[in-house]
Amino acid sequence: MLLRSAMVRILIKGGKVVNDDCTQEADVYIENGIIQQVGKELMIPGGAKVIDASGKLVLPGGIDTSVHLEESFMNATTVDDFYSGTKAALAGGTTMVIGHVLPEKNESLLEAYEKCRHSADSKACCDYALHIGVTWWGPKVRAEMEKLVRDKGVNSFQMFMAYKDMFMLRDSELFQVLQHCKDIGAIARVHAENGELVSEGAKEALDLGISGPEGIEISRPEELEAEATHRAITIANRAHCPIYLVNVSSMSAGDVVATAKMQGKVVHGETTTAHTVLNGMQYYHQDWSHAAAHVTVPPLRLDPNTPNFLMSLLGNDTLNVVGSDHRPFTVKQKAMGKDDFTKIPHGLPGIQDRMSVIWEKGVIGGKMDENRFVAVTSSNAAKIYNLYPRKGRIIPGADADVVVWDPEGSKIISVENQVQGGDINPYEGLRCHGVPIVTISRGRLVYENGMFTCAEGSGKFCPLRTFPDYLYKKMVQREKVSAVKAVEREPYTGEVVAVANSGKRETGSSDLDTPTRPCTRHGGMRDLHESSFSLSGAQIDDNIPKRSSARILAPPGGRSSGIW
């Protein structure tokens with residue numbers, strides 16, 4: 001009985017509690033999976049396990065908003081399933097993940113969701129939720145989106161402007177999907193790259209004999225991301241739908257997001273750990289396997305200032321969230337593209353290292369304080385996905401997802417001692433200051449000083465509610481203010497000219513119709529700067545009969561006998 005009581009009662013004593021808006025010295029008492037008390041000199045029942053957090057920080061558990069577990073993609077299956085992946089997340093201080101379900105074209109969204117749930121429910125070690133990919137569009141998809149929102153606890157859908165002939169939606173389809181997301185209160189996640197030009201760029205690179213991993217960077221320049229980012233924001237604005245841009249990877253795309261926010265558009269952005277730390281010179285490494293290991297989409301950028309810039313955008317709230325976009329493949333799987341870079345599976349691991357790497361480069365690097373760190377790794381995600389303050393905050397009544405963080409501790413990242421799967425780690429050799437020493441999930445001590453006590457299948461699926469205030473409150477008010485109305489006027493009762501139907505179009509001239517005379521810029525007077533002279537031989541007055549000569553009887557300045 002004493003052991004059972006200790007398992008459900010935990011007192012974290014002597015630490016500093018860090019939320020996204022404040023830091024305070026306080027103890028935290030947990031019972032039955034819920035944070036019961038936060039403060040000093042708490043009245044605690046007997047039998048609680050005491051964790052000494054002196055000199056440590058007590059943080060809300062991380063929420064990783066983009067992971068790919070047990071996923072088949074580009075003829076390869078990720079090496080982490082929901083057991084190994086969520087176990088690695090707990091080791092890194094993450095207590096909830098949101099995975100992806102990407103149906104094939106014409107595959108039922110509902111069936112793909114059920115298949116993923118069947119596998120994940122029995123394996124997950126921490127709480128999880130799911131994004132559903134809208135990889136094709138039609139009445140069936142529209143109906144299934146409504147059912148997923150209403151009955152299945154899904155509140156986010158991901159659309160792609162890239163991956164032509166695979167996942168890509170046309171602009172008109174994206175517009176309709178965003179309109180539908182707004183109607184059902186879902187979060188519209190958009191991967192923005194110009195898929196048509198990416199496809200052409202890949203063909204061009206291969207034609208030039210570029211088949212190695214550098215082709216991924218050459219064929220997907222950042223201007224294609226910036227253009228698609230602007231287009232996605234424009235389409236969302238016309239659909240009156242909040243937009244959540246994923247995998248923001250370049251300075252130019254970051255500038256587009258910043259500009260849209262300054263214009264008052266409801267835009268949120270997510271970048272990845274890799275894009276805030278690494279640059280695209282990795283693709284030009286002499287070792288093919290090293291270069292291929294870094295292939296992801298959008299690619300890492302060549303400009304060495306990009307990671308620093310993106311971290312700054314996280315620090316100033318231009319970008320709101322950082323996810324790992326964990327999609328681990330082995331070197332052998334990457335080698336499917338040894339002769340053609342378009343066949344290298346896209347993806348990098350990172351579910352275990354996300355929080356430590358962001359602490360090292362963000363907090364230690366001076367780009368953010370510990371409160372902003374909590375915001376970008378946990379609280380903002382909880383707000384966006386309608387989980388706040390049940391998750392993402394340490395207050396009485398919240399889920400007991402808590403991490404004891406040692407800001408003075410350090411570790412060297414290595415594939416040799418990682419929990420996540422695969423034989424690749426893009427942060428190999430990076431020393432990180434700031435490590436999790438205790439992870440508590442749903443009130444259970446699941447990780448302590450390198451030892452796991454979590455059970456396979458002990459995590460739970462978290463149904464997510466629609467219409468999160470963090471996205472929709474502002475949008476609803478904006479729609480009220482900017483609603484368009486018809487002008488109220490008396491109907492026209494005058495005469496209407498009759499139009500003879502001579503086989504021609506009855507509509508007005510289109511943009512392709514050529515006017516008979518160019519418009520002048522000077523109020524009806526002839527513009528002498530606009531000449532009708534043509535070098536082609538044909539002139540504007542060719543239809544006027546020519547006269548051989550004319551006698552001018554009274555020219556200006558006096559009579560003349562000359563022939564003109």
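Helices, and likewise strands, are DSSP runs numbered from the N terminus, a helix having at least four residues. The exercises below concern a predicted model.

**Exercise 1.** Work out how Glu227 and Arg231 are placed relative to each other in helix H8, and how their side chains meet.

*Solution.* Begin with the positions: Glu227 and Arg231 both lie in helix H8 and are four residues apart, so about one helical turn separates them. Next, consider the side chains, which meet in a salt bridge with an N to O distance of 2.8 Å. Finally, consider the surroundings of Glu227, which has a relative accessibility of 33% and therefore counts as partly exposed, since that class lies between the limits of 20% and 50%.

**Exercise 2.** Describe how helix H5 and helix H8 pack, and find a salt bridge that links these two helices.

*Solution.* Two packed helices are described by the angle between their axes and the distance between the axes. For helix H5, residues 171-184, and helix H8, residues 222-239, the angle is about 50 degrees and the axes are 9 Å apart. That angle makes H5 oblique to H8, and the crossing of the two helices is right-handed. Turning to the side chains, Arg231 and Asp171 meet in a salt bridge at 2.7 Å, N to O. This pair links distant parts of the chain, because Arg231 belongs to helix H8 and Asp171 to helix H5, 60 residues apart. Asp171 is partly exposed, with a relative accessibility of 34%.

**Exercise 3.** Are the partners in the salt bridge between Arg189 and Glu270 buried or exposed?

*Solution.* First locate the pair: the side chains meet at 3.2 Å, N to O, and they join distant parts of the chain, with Arg189 in strand E14 (residues 187-191) and Glu270 in strand E16, 81 residues apart. Then compare each value with the cut-off for buried residues, which is under 20%. Arg189 has a relative accessible area of 0% and is therefore buried, and Glu270, at 1%, counts as buried too.

**Exercise 4.** Which residues make the nonpolar surface patch of about 340 Å², and where in the chain is Met281?

*Solution.* The patch is made by Ile218, Met281, Tyr284 and Leu302. Of these, Met281 sits in the loop between strand E16 (267-272) and helix H10 (288-293). With a relative accessible area of 48%, Met281 is partly exposed.

**Exercise 5.** How many salt bridges does the structure hold, and which residues are linked in a network of them?

*Solution.* The structure holds 30 salt bridges. A network of such bridges links Asp127, Arg390, Lys391, Asp399, Asp401 and Arg442.

Key: Residues numbered from 1 in each chain as written. Predicted model: local features only at pLDDT ≥ 70, side-chain atom pairs only at ≥ 80, totals over all residues. Heavy atoms only, no water. Patch = residues over 30% accessible without salt bridge, like charges linked within 9 Å, V, L, I, M, F, W, Y side chains within 5 Å. Areas by Shrake-Rupley, 256 points an atom, 1.4 Å probe, with all protein chains shown as cover. Salt bridge = Lys/Arg side-chain N within 4 Å of Asp/Glu carboxyl O. Buried < 20%, exposed > 50% of the residue type's maximum accessible area, 1.4 Å probe, protein only. Axes fitted to C-alpha atoms, helices over the stretch in contact; angles between N-to-C directions. Parallel < 35°, antiparallel > 145°, perpendicular 65-115°, else oblique. Left-handed = near helix turned anticlockwise from the far one by under 90°.
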